[in-house]
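Here is the note on the model that you asked me to read through. The points are numbered so that each can be checked against the coordinates.

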Amino acid sequence: MIELDRRTREMVEEVRELGREYMRPMGLESDRTALPPPADHPFYLICARKGGLVSRIIGEGEESPEALAWKPMRVLITSEESAYWDRGVSLSLPGPGLGGAALRSTATPEQRQRFLQGFTDHSRAHWGAMSLTEPGAGSDVARIQTRCRKDGDEWVLTGSKMFCSNGARADWVVVWATIDPSLGREGHRAFVVEQGTPGFDVIKIEHKMGSRGYETCSFSLDDVRVPADNLLGGEAFYESRQGFKGAMATFNTTRPIHAAQGVGMGRAAHDFALDIVRNDYPAHGRRRERALERLAEIRRGLHAARLVCMHAVWLASQGKPNSLEASYSKLYAPPVVFRAVAAALDIAGEAGVRNDRHLEKLYRDVKILDIGEGTSQVQRVVISRQLFDFPRDA
Ligand SMILES: Cc1cc2nc3c(=O)[nH]c(=O)nc-3n(C[C@H](O)[C@H](O)[C@H](O)COP(=O)(O)OP(=O)(O)OC[C@H]3O[C@@H](n4cnc5c(N)ncnc54)[C@H](O)[C@@H]3O)c2cc1C
């Protein structure tokens, strides 16, 4: 296993303490009430006061070559740790979120400065978000129907979006729209829509089967006007046909992180079952041995999944292409984690299925690993295309 730098070890320790004290209990409470923690929950203020926990994890402002090389790995490792305590709440941590990834892959330096500036205010929590998904366009993002048209110095956006994580509490949302749906991906443009812009209305907070500790919302855009400067990357970026690549580049950094969250959830299931074996199983005998063999199998699977994730982010940290490896990690980890949680449930017996216990919740929480940031089936398509170079429309 790789040797972590001091900074990363400290961050993991900090996340562990917050996880134990706040994130696990908050996640259980959200699951019980089916509501995400409110944006003014004291935990979020603690994160902000800690100098913006996420900003520190992602090492904003650190520019030395050594720090730059560690950033993606630190994000990966702390993401696994925070999901160990509660994946839902970990996704609700204040910070630019998926919107930040979109800014990093698409925005001009001025836009990055402008929209990330707010996160240096640690007097309260701030969130960013990103919205591609629409009622008729999930995996096939080329089908988005939200329209954008230029009107003088402004762009006007009209349409509706769904499943936007942290969108209702975000300072701004990166919204993908199209100048003409018949152009497919080449018609795509990304805009920063700031909270409070007239016509931007949150319609509902989605009710989810699991991972309830963060909010996902649907919203409508009714002739929303944004300044031309809010077009991410500027017009030249899209003239060079970079728009869709920008959206996809976002996922090359976030897919391994999503997969690593699964590893954290698998570890949580493993630890739950191990406690049961230690405390409730006979001290000796075949039953205990069989259970420990299954726990060892869980650990083997999680270890391999972690390495696949690490390889994908290591490539990113070296500035090397990683889209294939990012998809490998996103496809590889979820089934390993599903099997881990299912095996832990078997080992725990009735203690695992009681819905006042963490394991039953994990069983529902893990399903999202298969869906968000490109379904498993879509990863299969992406991987085969890259490996065998078959045509896009095949
Ligand atoms: C909790 C949660 C949070 C989310 N947060 C965000 C967010 O912050 N921002 C955002 O933009 N989106 C977000 N999403 C949306 C998410 O990215 C989409 O749900 C995902 O892309 C899948 O789209 P879909 O649900 O419409 O499924 P569909 O695309 O309709 O897929 C349905 C089924 O068809 C399969 N399928 C689709 N296309 C193909 C193909 N070409 N070949 C083979 N099989 C295929 C899929 O694998 C799947 O099994 C979130 C979703 C959830 C559940």
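**Notes on charged pairs, helices and surface**

1. Across the whole structure, a search finds 23 salt bridges. Please keep in mind while reading that this is a predicted model, and that every value below is computed from it. As general background, side chains of opposite charge can pair when their charged atoms come close. The points that follow take up some of these pairs, then a charged residue without such a partner, and finally some backbone and surface features.

2. The pair formed by Asp5 and Arg74 is a salt bridge in which the closest N and O atoms are 3.7 Å apart. It links distant parts of the chain, with Asp5 in the segment before α1 (6–33) and Arg74 in helix α4, the two being 69 residues apart. Both partners are covered, Asp5 being buried and Arg74 likewise.

3. Asp31 and Arg364 also form a salt bridge, with 2.8 Å between the closest N and O atoms. Because Asp31 belongs to helix α1 and Arg364 to helix α12, this pair ties together parts that are 333 residues apart in sequence. Asp31 counts as buried because its relative accessible area is 10%, which is under the 20% limit. Arg364 is buried as well, its relative accessible area being 18%.

4. The setting of Arg364 deserves a separate remark, since helix α12 (residues 358–365) is mostly covered, with seven of its eight residues buried. Those buried residues are His358, Leu359, Glu360, Lys361, Leu362, Arg364 and Asp365. The list therefore contains several charged side chains, Arg364 among them.

5. A further salt bridge joins Glu235 to Lys150, where the closest N and O atoms are 3.2 Å apart. Here too the pair links distant parts of the chain, Glu235 lying in helix α7 (residues 234–239) and Lys150 in strand β2 (residues 147–151), 85 residues apart. Glu235 is partly exposed, with a relative accessible area of 38%, and Lys150 is also partly exposed, at 42%. Beyond single pairs, there is one network, in which salt bridges that share partners join Glu13, Arg16, Glu80, Glu81, Arg267 and Arg306.

6. What does Arg87 have around it, given that it is buried yet has no salt bridge? The nearest side chain of opposite charge, that of Glu373, is 6.0 Å away, and because a salt bridge requires the atoms to be within 4 Å, this pair does not qualify. Arg87, which lies in helix α4 (residues 65–91), instead has polar contacts through its side chain: one of 3.2 Å with the side chain of Ser211, and one of 2.9 Å with the side chain of Gln261. Leaving aside residues up to four places away in sequence, Arg87 touches Ser82, Ser211, Tyr214, His258, Gln261, Met265, Ile368 and Leu369.

7. Two residues merit a look at their backbone angles. Phe163, in strand β3 (residues 154–165), has a positive phi of about 50° although it is not a glycine. Asp223, in strand β7 (residues 216–227), likewise has a positive phi of about 50° without being a glycine. Phe163 counts as partly exposed because its relative accessibility is 44%, and Asp223 is partly exposed with a relative accessible area of 43%.

8. On the surface, Tyr328, Leu387 and Phe388 form a nonpolar patch, and together they have about 320 Å² of accessible area. Phe388 is found in helix α13 (residues 376–388). At 61% relative accessibility, Phe388 counts as exposed because this value is over the 50% limit.

9. A last point concerns Pro335, which is found in helix α10 (residues 323–348). Pro335 counts as partly exposed because its relative accessibility is 32%. From Pro335 to Val277 the distance is 24 Å in space, C-alpha to C-alpha, while the two residues are 58 residues apart in sequence.

Note on methods:
Residues are numbered from 1 along each chain as its sequence is written. This is a predicted model: local features need pLDDT of at least 70, side-chain atom pairs count only at pLDDT 80 or more; totals for chains, interfaces and linings use all residues. Side-chain values use heavy atoms; hydrogens and water are left out. Patches are made of residues with over 30% relative accessible area and no salt bridge: like charges are joined within 9 Å, nonpolar side chains (Val, Leu, Ile, Met, Phe, Trp, Tyr) within 5 Å. Accessible areas come from the Shrake-Rupley method with a 1.4 Å probe; for residues, only the protein chains shown count as cover. Helices (H or I, at least four residues) and strands (E, at least two) are DSSP runs, numbered from the N terminus. Buried means under 20% relative accessible area, exposed over 50%, partly exposed in between (1.4 Å probe, protein chains only). A polar contact is a pair of N or O atoms within 3.5 Å; within protein, one must be able to donate a hydrogen and the other to accept it, and residues adjacent in sequence count only if both atoms are side-chain atoms. Contact means heavy atoms within 4.5 Å.
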